[in-house]
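Colleague: Could you take me closely through one part of this model, the loop that carries the unusual backbone angles, and set it against the chain as a whole?

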Amino acid sequence: ARVLAERLRAAIGEQRIDTKAGTVLVTLSLGGAAISDGESMSFEQLLDVADRLLYQAKQAGRNRVEVWEVEPGLRESSSIDSGEILSPIPDNQEPA
């Protein structure tokens, strides 16, 4: 998920939009949540996590990618609380 999001962010960042007022540079902040096969999480929970990460990306300076990924066996779905404050999780690590 992170690799794809970073590629998308970089591709958007390379775009230049020429207007009458001058060139506009575009940036992209992304928040993503991914789970592997065998893990269980509702769509609403995934969307909530991704939304929180999007806001963290914007607050951390914009033009960033924040991703939370869960691989089989790392986390039980019942331990995900939609009210939990999540930190960005680098490289497939669990939240602290």
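Modeller: Accessible areas here come from the Shrake-Rupley method with a 1.4 Å probe. On that basis the protein chain of this predicted model exposes about 6400 Å², of which carbon and sulfur atoms supply 51%, while buried residues make up 24% of its 96 residues. The chain has two helices and four strands, and read from the N terminus these elements follow the order α-β-β-β-α-β.

The part you ask about is the loop between helix H2, residues 43-59, and strand E4, residues 65-70, and Arg-62 lies in it. Although Arg-62 is not a glycine, its phi is positive, at about 65°. Asn-63 lies in that loop between H2 and E4 as well, and its phi, too, is positive, at about 50°, although Asn-63 is not a glycine either. As for their surroundings, Arg-62 counts as exposed because its relative accessibility is 53% and the cut-off for exposed is over 50%. Asn-63, with a relative accessible area of 29%, is partly exposed.

For a connection of another kind, consider the hairpin that joins E1 to E2 through two residues. Strand E1, residues 16-19, pairs with strand E2, residues 22-25, in the antiparallel sense over four bridges, and within this pairing Ile-17 stands opposite Val-24 in E2. Across the protein chain, among contacts between residues at least 6 apart in sequence, 58% join residues at least 24 apart.

Conventions:
Residues are numbered from 1 along each chain as its sequence is written. This is a predicted model: local features need pLDDT of at least 70, side-chain atom pairs count only at pLDDT 80 or more; totals for chains, interfaces and linings use all residues. Side-chain values use heavy atoms; hydrogens and water are left out. Buried means under 20% relative accessible area, exposed over 50%, partly exposed in between (1.4 Å probe, protein chains only). Two strands pair if DSSP finds at least two bridges between them. Contact means heavy atoms within 4.5 Å.
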